Amino acid sequence: MTDASTCLAPVAAANDDDHALVRASASGDAFAFEALYRRHAGRVHGVILRLVGHQHSRAEDLTQEAFVRAWQALPGFRFESAFGTWLHRLAANTALMELRSRRSAPGIDNDEDAVDGFGTHDTAGQHTALSMDLEQAVSSLPPRARAVLVLYDIEGWKHEEIAEALDMAIGSSKAQLHRARRLLRTRLEAHA
C-alpha cells in the first residue's frame with residue numbers, strides 16, 4: 001500500500017519544475033519558456049481543438065496565440081494555482097474569445113442550427129458509411145453547445161465560469177449543456 005505523499009510526489013515535482021521555469025521565463029528566458037511550451041502544448045492544443053470542432057489549422061493558430069498571450073502575461077503570474085491550470089484556462093479563454101468574435105462578425109453565419117447537420121451527410125446527400133465516433137459527434141455540435149459541453153463535461157468548469165467566459169446567463173449555459181447532450185446522444189444513436 002502506498003501513502004498519498006508518495007503518489008503526489010511526481011505532481012509536486014512537476015509543479016516545482018513549472019514554477020522554476022515560469023520564474024525564468026518571466027525574466028525573459030526564452031529557453032525556459034520553450035520548455036514550458038513543450039511540456040504543455042499537447043494539452044493546450046487538445047482543449048482548443050475540441051472547442052473549435054476539430055478544425056486543425058484553426059486550433060494550431062489559436063494554440064500559438066494562447067502561448068503568445070501566456071508569454072506576455074507571465075510577469076503577472078501570481079503562483080496561486082499550478083501553471084498548467086492557469087495556462088489551460090488562458091488557452092480556453094483564447095479559443096472562446098475567437099468563437100465569440102466569429103459569432104458577431106458580419107458575413108459569418110450566426111445561425112447555430114445551420115451547422116446541426118454538418119458532417120452527417122456526404123456530398124451526394126447520403127449518410128456516410130463510416131461510423132461517427134465521439135470526437136466527430138462533439139465536433140458536429142453547434143459552436144456554443146459544443147463549447148459548454150467541452151468546458152463543463154471535459155474540462156470541469158462550473159456553469160458560472162462558463163457563463164462568464166461565453167457572455168451568457170447561467171441558465172443559458174445549463175440549457176446549452178442539456179441541448180448538447182441531447183444532440184450528442186441522438187447523433188451517436190443514429191450512427192451506432
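Buried means under 20% relative accessible area, exposed means over 50%, and partly exposed lies in between, with a 1.4 Å probe and protein chains only. The model is predicted, so local features need pLDDT of at least 70 and side-chain atom pairs count only at pLDDT 80 or more, while totals for chains, interfaces and linings use all residues. Residues are numbered from 1 along each chain as its sequence is written, and side-chain values use heavy atoms, with hydrogens and water left out.

**Exercise 1. Describe the overall make-up of the protein.**

Solution. Begin with the secondary structure, in which helices (H or I, at least four residues) and strands (E, at least two) are DSSP runs numbered from the N terminus. The protein has eight helices and zero strands, and along the sequence the pattern reads α-α-α-α-α-α-α-α. Next consider burial: of the 192 residues, 39% count as buried. Finally turn to contacts, where contact means heavy atoms within 4.5 Å. Among contacts between residues at least 6 apart in sequence, 64% join residues at least 24 apart.

**Exercise 2. Work out which residues of helix 8 are buried or exposed, and how the buried ones are arranged.**

Solution. Start with the length: helix 8 (residues 170-190) has 21 residues and reaches 30 Å from its first C-alpha to its last, close to the 30 Å expected at 1.5 Å a residue, where the expected span is 1.5 Å times one less than the number of residues. Its buried residues are Ser173, Gln176, Leu177, Arg179, Ala180, Leu183, Leu184 and Arg187. Seen down the axis of helix 8, these buried residues fall within an arc of 170°, so they line one face of the helix; the arc is that of the directions from the helix axis to the C-beta atoms. On the other side of helix 8, His178 and Glu189 are exposed. The cover over the buried residues includes helix 5 (134-139), helix 6 and helix 7 (159-166).

Now take a single residue, Arg187, which is in helix 8 and is buried with a relative accessible area of 7%. Arg187 and Val138 are 49 residues apart in sequence, and their C-alpha atoms are 9.2 Å apart in space.

**Exercise 3. Describe helix 6 and how it meets helix 2.**

Solution. First check the span: at 1.5 Å a residue, the twelve residues of helix 6 should span 16 Å, and the end C-alpha atoms are 15 Å apart, which agrees. Among the buried residues of helix 6 are Arg144, Ala145 and Val148.

Then compare directions, using axes that are lines fitted to C-alpha atoms, for helices over the stretch in contact, with angles from 0 to 180 degrees between N-to-C directions. The axes of helix 2 (residues 30-51) and helix 6 (residues 143-154) come within 8 Å and cross at roughly 140°. That makes helix 2 oblique to helix 6, given that angles under 35 degrees count as roughly parallel, over 145 as roughly antiparallel, 65 to 115 as roughly perpendicular and the rest as oblique. Helix 2 contributes Val47, Arg50 and Leu51 to the contact, and helix 6 contributes Arg146, Ala147, Val150, Leu151 and Ile154.

**Exercise 4. Find where His54 and Phe79 lie, and state their phi angles.**

Solution. His54 is in the loop between helix 2 and helix 3 (56-73), and has a positive phi of about 60° although it is not a glycine. At 25% relative accessibility, His54 counts as partly exposed. Phe79 is in the loop between helix 3 and helix 4 (83-104), and its phi is near 60°, a positive value in a residue other than glycine. At 28% relative accessibility, Phe79 counts as partly exposed.
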